[in-house]
There are 2 protein chains.
Amino acid sequence: METPDNAKDAAAAADSAAEAAEAAETRTGIAAQDWPTAAAEPTYRAAVVDLLGALAYGELAAFERLAEDAKLAPTLSDKAELAKMASAEFHHFEQLRGRLAEIGADPAEAMEPFVAALDGFHRQTAPSDWLEGLVKAYVGDSIASDFYREVAARLDSDTRSLVLAVLDDTGHASFAVEKVRAAIEADPRVGGRLALWARRLMGEALSQSQRVVADRDALSTMLVGGVADGFDLAEVGRMFSRITEAHTKRMAALGLAA
Amino acid sequence: METPDNAKDAAAAADSAAEAAEAAETRTGIAAQDWPTAAAEPTYRAAVVDLLGALAYGELAAFERLAEDAKLAPTLSDKAELAKMASAEFHHFEQLRGRLAEIGADPAEAMEPFVAALDGFHRQTAPSDWLEGLVKAYVGDSIASDFYREVAARLDSDTRSLVLAVLDDTGHASFAVEKVRAAIEADPRVGGRLALWARRLMGEALSQSQRVVADRDALSTMLVGGVADGFDLAEVGRMFSRITEAHTKRMAALGLAA
């Protein structure tokens, strides 16, 4: 997924890269292990298969929706830009599917448990015009980035490298940001409508995620701090609230009250 | 675009590569020139901008339709296969757009004259199920390949390299061929329906192409043998009939009466 590439975010990314480098020296538990070691624990292995399956289907579904939303583009070059984002998602999908096959999991089986939630999300949030499509691409991208970052820290070193590689493909979302800002400047009333839309996107994303968390014990347990610590619903809540908070800040930066 | 990669076609491709190598030594006129030399002739330049614009929008439209048709896939891996074809089309689009910019043409402007015909084609031929989508992907791919080959011989060396590079990306269509053959074997009545469908695709492709040929003089003139020779409708007809004939043979190989 992509992140906006304006200066502030670039600085923040540099900070978190420095933090990550520091964290690498002090990693413990699964985060200090490579995949062959970590995967000896069947619960962890199952959680990673779940995670890669969810991410892979997320990318494939994002590909489909961005390609669909490209139809709403007002110009050919806008259409090409959305098609480019779609194609980037497809390549992420390929990497994740490749990794699933590499660790001996059936990619289609691994994705299956997440099809209903992701299709549900996209069905509930079909944009009705080009600007809604752009806001969705940006919000979706950003939430996915945040989620990838949250989860990367809890993974074995090999899986972490893959997740960070898929994340490390920046610059597309800035296209959406520019276009949305320009539209709001040209007609401030657009901001009100898009702010409502962004809230609906976030609400739907949270509700589908909670459905997944409730269904997939191994995955949820890993997300909240590793297989050893057991399932902690409060920690899942805190992760969701960190992601929501970041979303709110981004919306404000975009000129939308979240 | 992709071509099927079964043995017969591979042998045919090797033959035509040998022919092409031989032809290269005896090339005359524009085909013996590079772009800077050939582009000094404004009519030729206009024709190439038209051609690249038509190919570029063709790829972008193919991307959109394949991505859309991926929704009809019965399984996740089928869906991924169609998404892969779509993504390959997008990368062809990027190459063609890049070339337009390189020669100082506005890509959106160059594509614009072909939007109506290509959108019209896709609107008239929206597949109603997965097999129709596969036949369309295969037929569309093959016709596009044939057309690229026809036209490559008439181009300056630089433009020819690009067109052949975009063509040289084989192997996807064999996926469609396998699936369609298996479906016809399982239920021979499917063959009758798909044969009708393939005829409709070809008819619609020809009718939209003729519309383009009638509208775009410089392009049509180049397609039929270079700017010096003037517009020859009979030669356009012969080109269409070579493409139709190749289509008929492919449909027969697929188990469909064309």
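**Exercise 1. The interface between chain B and chain A**

Task: Find how many residues each chain gives to the contact, and how much area is buried.

Solution.
Step 1. Count the residues. Chain B puts 24 residues into the contact, and chain A puts in 24 residues. The model is a predicted one.
Step 2. Take the area. Together, chain B and chain A bury about 2000 Å². Carbon and sulfur atoms carry 68% of it.
Step 3. Find the main contributors on chain B. Phe63(B), Glu64(B) and Leu76(B) provide 29% of the area that chain B buries against chain A. No other three residues provide more.

**Exercise 2. Polar links and elements at the interface**

Task: Count the salt bridges and polar contacts between the chains, then say which elements of chain B take part.

Solution.
Step 1. Count the salt bridges. There are four between chain B and chain A.
Step 2. Look at one of them. Lys71(B) and Glu68(A) pair through their side chains, with N to O at 2.3 Å.
Step 3. Count the polar contacts. Between chain B and chain A, 10 residue pairs are in polar contact, both residues being at pLDDT 80 or more.
Step 4. Assign the elements. Helix 3 (42-69), helix 4 (76-102) and helix 5 (107-124) of chain B each give two or more residues to the side that touches chain A.
Step 5. Rank them. Helix 4 of chain B gives the most, with 12 residues.

**Exercise 3. The fold of chain A**

Task: Describe the secondary structure, burial and contact range of chain A.

Solution.
Step 1. Count the elements. Chain A holds 11 helices and zero strands. Along the sequence the pattern reads α-α-α-α-α-α-α-α-α-α-α.
Step 2. Check burial. Chain A has 258 residues, and 51% of them count as buried.
Step 3. Check the surface. The accessible surface of chain A is about 11000 Å². Carbon and sulfur atoms own 54% of that surface.
Step 4. Check contact range. Take the contacts in chain A with a separation of 6 or more: 80% of them join residues 24 or more positions apart.

**Exercise 4. Helix 8 of chain A**

Task: Test the length of helix 8 of chain A, then find what its buried residues pack against.

Solution.
Step 1. Work out the expected span. Helix 8 covers residues 173-186, which is 14 residues. The rise is 1.5 Å a residue, and the span uses one less than the number of residues. The expected value is therefore 20 Å.
Step 2. Compare. The end C-alpha atoms are 20 Å apart, so the two values agree.
Step 3. List the buried residues. They are Ala173(A), Ser174(A), Phe175(A), Ala176(A), Val177(A), Val180(A), Ala183(A) and Ile184(A).
Step 4. Find their partners. These buried residues pack against helix 4 (76-102), helix 6 (130-152) and helix 9 (189-215) of chain A.

**Exercise 5. Salt bridges within chains**

Task: Which parts of chain A does the pair Glu132(A) and Arg193(A) tie together? What separates Glu102(B) from Arg99(B) in helix 4 of chain B?

Solution.
Step 1. Start with the total. Over all chains there are 24 salt bridges.
Step 2. Take the first pair. Glu132(A) and Arg193(A) meet at 3.3 Å, N to O. Glu132(A) sits in helix 6 of chain A and Arg193(A) in helix 9, so the bridge ties together parts 61 residues apart in sequence.
Step 3. Add exposure. Glu132(A) is buried because its relative accessible area is 9%, under the 20% cut-off. Arg193(A) is partly exposed at 35%.
Step 4. Take the second pair. Glu102(B) and Arg99(B) form a salt bridge with their closest N and O atoms 2.8 Å apart. They are three residues apart in helix 4 of chain B, so about one helical turn separates them.
Step 5. Recall the geometry. An α-helix has 3.6 residues a turn, so residues three or four places apart point the same way.
Step 6. Compare exposure. Glu102(B) is exposed at 61%, whereas Arg99(B) is buried at 13%.

**Exercise 6. The shared network and Lys79(A)**

Task: Which residues do salt bridges with shared partners join into one network? Is Lys79(A) buried or exposed?

Solution.
Step 1. Name the network. Shared partners link Glu68(A), Lys71(A), Glu68(B) and Lys71(B) through salt bridges.
Step 2. Inspect one link. Glu68(A) and Lys71(A) meet at 3.8 Å, N to O.
Step 3. Grade both ends. Glu68(A) is partly exposed at 21%. Lys71(A) is also partly exposed, at 37%.
Step 4. Turn to Lys79(A). This residue lies in helix 4 of chain A. Lys79(A) is buried, at 9% relative accessible area.
Step 5. List the contacts beyond four places in sequence. Within chain A, Lys79(A) touches Ala70(A), Lys71(A) and Ala73(A). Across in chain B, Lys79(A) touches Tyr57(B), Leu60(B) and Glu64(B).

Note on methods:
Residues are numbered from 1 along each chain as its sequence is written. Chains are lettered from A and ligands numbered from 1 in the order in which they are written. This is a predicted model: local features need pLDDT of at least 70, side-chain atom pairs count only at pLDDT 80 or more; totals for chains, interfaces and linings use all residues. Side-chain values use heavy atoms; hydrogens and water are left out. Helices (H or I, at least four residues) and strands (E, at least two) are DSSP runs, numbered from the N terminus. Buried means under 20% relative accessible area, exposed over 50%, partly exposed in between (1.4 Å probe, protein chains only). Contact means heavy atoms within 4.5 Å. Accessible areas come from the Shrake-Rupley method with a 1.4 Å probe; for residues, only the protein chains shown count as cover. Buried area is the accessible area (1.4 Å probe) that two parts lose on being put together, summed over both. A polar contact is a pair of N or O atoms within 3.5 Å; within protein, one must be able to donate a hydrogen and the other to accept it, and residues adjacent in sequence count only if both atoms are side-chain atoms.
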